[in-house]
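The points below are offered as a colleague's note for a student who is reading this structure for the first time. Please keep the sequence and the structure in view while working through them.

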Amino acid sequence: MSYRGNKRLSVKRKFVADGVFYSEVNELLIRELAEDGYAGVEIRTTPHRTELIIRATRTQNVLGENNRRIRELTSVVQKRFDFADGAVELYAERVQNRGLCAQAQAESLKFKLLAGLAVRRACYGVVRFVMEASAKGCEVIVTGKLRGQRAKAMKFGDGYMIKTGHAGQVYTDTAVRHVLMRQGVIGIKVSIMLPQDPKGQIGPKIPLDDVVTILEPKEELSPAAMLAAQQAMMARQAAANAAMQQQQQVPMEQEMQVDPNSMGVEQY
């Protein structure tokens, strides 16, 4: 059995409750922190408390004056999900590279469209900003009544993009937003192909399956040099064997030269 707040749940219900909890918290933060560059939330559960790490581009606005705003959000989450006092904590974490964050770019594109910027100009600006942030590829899809009464879809892309397989799940960061325009709802989808990073800071650690790394060849000796090295090694080995044989012969000669007095023979 597991616990969610003060309620005891079965394992099946726990997974459903965790999914519902994440969805509701994510939707709340999307609406509250959209203008502050909200880029996702991570939930860490411990036996004593639940920690919510909010990722955003402007963390100071998320915290508010004297941490007032983060305390208000903590109180809302605590009352909505029936947590005990001190059982839930909210933290703010700054996004290191917002050009590689799909949610931040989707929010940026959303506010550009709401401000009245042309669709092509706004989308190409996002694609260029993402590619300048060392991304491997970027794709922006905008659907809806963009111009006139006829709805259509426009796709803007650049670079290299993998959409299928395990690499598509690991390397691709995707975000979807809905823009409530005057003529109707416009859908935005931003996909970013992250670069491979051995440290795991700006991208996945594991390399792609089809990436081949060619190493520099080792320096090979010429046949003449190899023969000379072999002869030198054989000469050293022969000299060592001769020295060992000489050391073994010296004690044998010393044993053969025995003093007669030491053998107990009387001389007359």
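1. The lining of the largest pocket is mixed in class: eight residues are nonpolar, seven are polar and four are charged. The model under review is a predicted one. The volume of this largest pocket is about 360 Å³. It is lined by 19 residues, and those closest to the pocket centre are R55, L100, L194, Q201 and I202. Two elements, β5 (88–94) and β8 (172–180), give two or more residues to the lining.

2. Which residues touch the most other members of the largest nonpolar core? They are L109, V140, V142 and I192, in a core of 26 residues. At least two residues of this core come from each of α4, α5, β6, β7, β8 and β9. The largest share belongs to α5, which supplies six residues. As general background, nonpolar side chains in soluble globular proteins tend to be buried together.

3. V142 deserves a separate look. Apart from neighbours within four places in sequence, V142 is in contact with L109, V119, C123, K152, A153, M154, I186 and G187. A second core, separate from the one above, has 19 residues, including V25, I30, A56 and A87.

4. The helix α5 can be checked for length. It has 14 residues, and at 1.5 Å a residue these should span 20 Å; the C-alpha atoms at its ends are 20 Å apart, so the two values agree. The buried residues of α5 are V119, A122, C123, G125, V126, V127 and V130. Among the elements that cover these buried residues are α4 (102–114), β6, β7 (152–159) and β9 (185–193).

5. After α5 comes S134, with a positive phi near 70°. S134 is found in the loop between α5 (119–132) and β6 (137–144). Is S134 buried or partly exposed? Its relative accessible area is 40%, and S134 is therefore partly exposed, since that class lies between the buried limit of 20% and the exposed limit of 50%.

6. N67 is another residue with a positive phi, about 60°, although it is not a glycine. Such values merit a comment because most residues other than glycine have a negative phi. N67 is found in the loop between α2 (59–63) and α3 (68–80). With a relative accessibility of 39%, N67 counts as partly exposed.

Note on methods: Residues numbered from 1 in each chain as written. Predicted model: local features only at pLDDT ≥ 70, side-chain atom pairs only at ≥ 80, totals over all residues. Heavy atoms only, no water. 1 Å grid on protein atoms, 1.4 Å probe; cavity = no way out; pocket = protein on both sides within 12 Å on 5 of 7 lines; lining within 4 Å. Points joined across faces, edges and corners; volume = space filled by probe spheres on them. Helix = DSSP H or I, 4+ residues; strand = E, 2+ residues; numbered from the N terminus. Nonpolar A, V, L, I, M, F, W, Y, C, P; charged D, E, K, R; others polar. Buried < 20%, exposed > 50% of the residue type's maximum accessible area, 1.4 Å probe, protein only. Expected span 1.5 Å × (residues − 1). Contact = heavy atoms within 4.5 Å. Core = buried A, V, L, I, M, F, W, Y, C linked by side-chain atoms within 4.5 Å.
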